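Biologist: I've got this model open and I'd like a close look at one part of it, the cysteines and the sheet around them. Could you walk me through it in plain words?

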Amino acid sequence: MSSSGSTPLSFCNSSSLLLKRRWGRPFASRLGLARSGRGRPPSGRVEKRCAAAKRSWERTEEELRLQRGIADLYDESSVIWEDIWGDHMHHGFYDPDQPASIADHRFAQIRMIEEALRFAGISEDPNKRPQSIVDVGCGIGGSSRYLAKKFGARCQGITLSPVQSQRALALAVAEGLADRVSFQVADALEQPFADGQFDLVWSMESGEHMPNKRKFVSELARVAGPGATIIIVTWCHRDLSPSEESLQPGEKELLTKICDAYYLPAWCSTADYVHLLESLSLQDIRVADWSQYVAPFWPAVIRSALTWKGLTSLMQSGWKTIKGALAMPLMVEGYKKGLIKFAVITCRKAG
């Protein structure tokens, strides 16, 4: 299977994801936003641009099904994740080959943010630091609030999940950030923002959910202002060697099982991302494989699922959650085999 972009992107089917449970009122009444792929209707020139984009890029039925599944999944799962792991819904950054205690994991998630900023060369100088940030695939707003506080910036987060958006806003209010941080339900492939609006475009582990990688990267570039930095931290498969046309059959089989559990569409390699960024004339492209620095993460998630608290939450939440939990060792296997790569990719828009 390949993406609709011009660069070859790998494959995968889609099905469910990790940790499922209702949060508050019944989620079925909220599916209007999730299923439409948008949050608040854009207006003015943004509305015209989004309409034009829709005409030029129509979703397939599989992509629509995937989008609904992602929204439903995060509507149902975010409360459990926050309860066990906190408000940062991404990998942590660890010292290689060092044992990690339970207390280390939340610190490691903050460290992941800091390491990504350092790798991208984001300045903390008050005259150079970012002032307008978009968090694409914001979860419950952990990165958004952290970045807003760190830089004194305004940050807008988007997610497909109405529950995540509501919870992110509630946490922002509780932390006194409601005047600088906002959240809405919106589609990363049709973002409700004007061209060139942000000086930092942040995507922490959302790219793996995007069915059209070319459209995803194009939207990141579109909303970036002149000279803005784009940071993409995402799951990739290994780069192909010059003699390979595709992954090996056993590798495809493993990724298909992961996709079936976690609502993932086509995987791509870091090299595929670089090709896409180059095609958009983005500058100062830098990439790194941080797989060794995230190695303790999935074993830690598995251990947390096997605690009494984790097990009772899983049993209450249903088959999709259990299926996702059973698939977690597949992620560990993928990393150990060198098939799955934890990639950080940064670039700058000319200006």
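How many disulfides does the structure hold? Please start there and work outwards.

Modeller: Sure, with the reminder that this is a predicted model. The count of disulfides is 0. Take C155: its nearest cysteine sulfur belongs to C138 and sits 8.2 Å away, while a disulfide calls for sulfur atoms within 2.5 Å. C155 is also buried, at a relative accessible area of 1%. C236 tells a similar story, because 4.9 Å separates its sulfur from the closest cysteine sulfur, in C268, and that is too far for a bond. C236 has 0% relative accessibility, which is why it counts as buried.

Now for where C155 sits. Strand β2 covers residues 154-159 and runs parallel to β3, the two joined by 5 bridges. Across from C155, in β3, stands V181. Zoom out and you find an open sheet of 7 strands, in the order β3-β2-β1-β4-β5-β7-β6, with mixed pairing. At its edges are β3 (181-185) and β6, each paired on one side only. Neighbouring strands in this sheet are turned by 15° against each other on average, ignoring direction. Helix α5 (residues 142-151) lies across β1, β2, β3 and β4, at about 155° to β3.

Follow the strand order towards the other edge and you reach the part of the sheet that holds C236: strand β5 takes in residues 224-237. β5 pairs with β7 in the antiparallel sense, over 9 bridges. On its other flank, β7 also runs antiparallel to β6 (residues 283-289), with 5 bridges joining them. I345 in β7 is a handy landmark: I232 stands opposite it, and I345 is the bridge partner of V287 as well. As for β7 itself (residues 340-348), the strand is mostly covered, with 7 of its 9 residues buried. If you're tracing side chains along a strand, remember that in a regular strand they alternate between the two faces of the sheet.

Back at V181, there's a link to helix α6. A172 is found in that helix, and beyond its neighbours within four places in sequence A172 is in contact with R145, L177, A178, V181 and F183. A172 is buried, because its relative accessible area is 0%. The C-alpha atoms of A172 and G142 are 9.3 Å apart, with their positions 30 residues apart along the chain. Other residues of α6 are buried too, including P162, V163, Q164, S165, A168 and L171. In an α-helix, residues three or four places apart point the same way, because there are 3.6 residues a turn. The length of α6 checks out: its 13 residues (162-174), at 1.5 Å a residue, should span 18 Å, and the end C-alpha atoms are 18 Å apart. Just after α6, G176 takes a positive phi of about 70°.

Last, the packing. The largest nonpolar core has 56 residues, and L117, I231, I258, Y262 and W298 are those with the most contacts inside it. A second, separate core of 28 residues includes I158, L276, L277 and C347. Within the largest core, I258 touches L264, W267, L330, M331 and I340, leaving out residues up to four places away in sequence.

Technical notes:
Residues numbered from 1 in each chain as written. Predicted model: local features only at pLDDT ≥ 70, side-chain atom pairs only at ≥ 80, totals over all residues. Heavy atoms only, no water. Helix = DSSP H or I, 4+ residues; strand = E, 2+ residues; numbered from the N terminus. Expected span 1.5 Å × (residues − 1). Buried < 20%, exposed > 50% of the residue type's maximum accessible area, 1.4 Å probe, protein only. Pairing = 2+ DSSP bridges. Contact = heavy atoms within 4.5 Å. Core = buried A, V, L, I, M, F, W, Y, C linked by side-chain atoms within 4.5 Å. Axes fitted to C-alpha atoms, helices over the stretch in contact; angles between N-to-C directions.
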